[in-house]
Amino acid sequence: MTYHPKSDFLAVMMDRGYLADCTDYQGLDEALAAGVVPAYIGYDATAASLHVGHLLNVMMLRWLQKTGHKPITLMGGGTTKVGDPSFRSDERPLLGPDQIDANIDGMQRVFDRYLRYDDSPTGALMLNNAEWLDDLNYLDFLRDIGRHFSVNRMLSFESVKSRLDREQSLSFLEFNYMILQAYDFLELNRRYGCLLQMGGSDQWGNIVNGIDLTRRVLDHEIYGLTSPLLTTSDGKKMGKSASGAVWLNADMLSAYEFWQFWRNTTDADVGRFLKLYTELPVDECNRLGALAGSEINEAKIILANQVTTLLHGAEAAEAAEATAREVFEKGGVGDDLPTLALTVDEVGDGISVVQLIVRSGLAKSGKEAKRLISEHGARLDDEPLTDAGMMIDATALASPIKLSAGKKRHALVQLSDQ
């Protein structure tokens, strides 16, 4: 790609590695250079928090605002009732309106950390597509919108083909999702002058549908831009850790565990992640990413501190780094580790160390905990743990004990004050 953009936003997208494809580079660039461009990314409210997999496009919205444009976070209060079939092997469970509203509230807490919501020309908007989807008249919608969609073309999209090729059921409900998403772009353009939809490259077909529909119905020129679907250098999907999703809400994943996720980045990913997930200058990201040996570990700490500061604040990042240094460099306990607090009644005459490993989140099951012990991967207060039958009583928990899984994952277990 040799296009040299005039607009700051497109230059940032290219220089930092956010850009996979664009429907019209020159047209979008000219619109961005001419004035404030409202742009949106849609988020279905399927969980009470965003996770690390969402962070790339949240950063895109942040850069959009920093370069003088208007971000729109579109919450899928309507489409969540249907479910996005894109690249899924099964149908999403359907959620009720109360759960959807609660999830949107949880997700907004994250957006508030990255975007400025106000009435200024570049102030972010938080919208909900239930605003126009909930009251649609089905027959009118079929006549006015449905007639613009070719089933042949919809069947050709990779997200649909992948389900059909595996002979997995694709319900009519899910098939409608791409029409509703296209309609979102049309309504955002009609109501708010939105000119750009962004998303992961798996959303390309849905984005193109929205552009095509808006041209047909309103005769307006609008644009689409996608980011690469990110995998780590070892081929894993970004946003997954050994213990599950890396949530962005502190009540679902502590700031320390979030910090630790970034500190554990593989050497080959450091430079790229600095460009995508921090605001450090590109030259500095490249310099840090090129470090080797023990120096790359300091670059990882910079990465962890920068990303954690954006989400949880500077104090949380400093506390996480202090805890990490205490745990790893001095063999101490650290104040900020994930903590399992047990009542005296829960401990009773004793609780198995296997159960403690599972309940503290260091293993997903008793079987996994026992395997960890048998493979010499578990430690109790920094001493190797070899007996899977060990019982821990209340006396042993008079002061906190530290459990470890491997070299990088730790938790405290203590008696609660209650």
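This passage describes the sheets, cores and selected residues of a predicted model. Residues are numbered from 1 along each chain as its sequence is written, and side-chain values use heavy atoms, with hydrogens and water left out. Local features need pLDDT of at least 70 and side-chain atom pairs count only at pLDDT 80 or more, whereas totals for chains, interfaces and linings use all residues. Helices (H or I, at least four residues) and strands (E, at least two) are DSSP runs, numbered from the N terminus.

An open sheet is formed by 6 strands in the order β1-β6-β5-β2-β3-β4, with mixed pairing; two strands are taken to pair if DSSP finds at least two bridges between them. The edge strands are β1 and β4 (125–128), each of which pairs on one side only. In general, strands of a sheet pair through backbone hydrogen bonds, either parallel or antiparallel. Both arrangements occur at β6 (residues 223–227): β1 (residues 21–22) is joined to β6 by 2 bridges and runs antiparallel, while β5 (residues 196–200) is joined to β6 by 5 bridges and runs parallel. On the β1 side, Cys22 stands opposite Leu225. On the β5 side, Gly199 stands opposite Thr226 and Gly200 stands opposite Ser227.

Strand β6 is largely enclosed by the rest of the structure, because 5 of its 5 residues are buried. Here, buried means under 20% relative accessible area, exposed over 50%, and partly exposed in between (1.4 Å probe, protein chains only). Both faces of β6 are covered, with Tyr223, Leu225 and Ser227 buried on one side and Gly224 and Thr226 buried on the other.

Two helices that lie across this sheet were also examined. Helix α2 (residues 25–34) lies across β1, β5 and β6, running at about 105° to β6. Helix α4 (residues 97–114) lies across β2 (38–43), β3 (70–75) and β4, running at about 160° to β3. For these angles, axes are lines fitted to C-alpha atoms, for helices over the stretch in contact (heavy atoms within 4.5 Å), and the angles run from 0 to 180 degrees between N-to-C directions.

Strands β5 and β6, together with helix α11 (residues 204–218), make a right-handed β-α-β unit. A crossover is right-handed if, with the strands pointing away from the viewer, the path from the first strand over the helix to the second runs clockwise. Asp219 lies in the loop between α11 and β6. Its phi is near 60°, a positive value in a residue other than glycine, and at 68% relative accessibility Asp219 counts as exposed. His376, in the loop between α19 (366–374) and β11 (378–380), likewise has a positive phi of about 60° although it is not a glycine. At 65% relative accessibility, His376 also counts as exposed. Most residues other than glycine have a negative phi.

A further open sheet has 5 strands in the order β9-β15-β14-β11-β12, again with mixed pairing. Its edge strands are β9 (339–342) and β12 (383–384), each pairing on one side only. Within this sheet, β14 (residues 401–405) and β15 (residues 409–415) run antiparallel and are joined by 5 bridges; Ala405 has Arg409 in β15 as its bridge partner.

The largest nonpolar core has 67 residues, and those with the most contacts inside it are Phe258, Trp262 and Tyr277. Such a core is a set of buried Ala, Val, Leu, Ile, Met, Phe, Trp, Tyr and Cys residues joined through side-chain atoms within 4.5 Å. Helix α3 (residues 52–66) gives the most to this core, with 9 residues. Beyond its neighbours within four places in sequence, Phe258 is in contact with residues including Val52, Leu55, Trp247, Val307 and Leu311. A second, separate core of 26 residues includes Leu127, Leu133, Leu188 and Ile222.

Ile351, in strand β10 (residues 351–352), counts as buried at 3% relative accessibility. Ile351 and Ile392 are 41 residues apart in sequence and 5.2 Å apart in space, C-alpha to C-alpha. Outside the neighbours within four places in sequence, the contacts of Ile351 include Leu342, Leu356, Met390 and Ile392.

A search of the whole structure finds 0 disulfides (pairs of cysteine sulfur atoms within 2.5 Å). The sulfur of Cys22 is 14 Å from the closest cysteine sulfur, in Cys194, and is therefore too far for a bond. Cys22 counts as buried at 6% relative accessibility, and Cys285 counts as buried at 0%.
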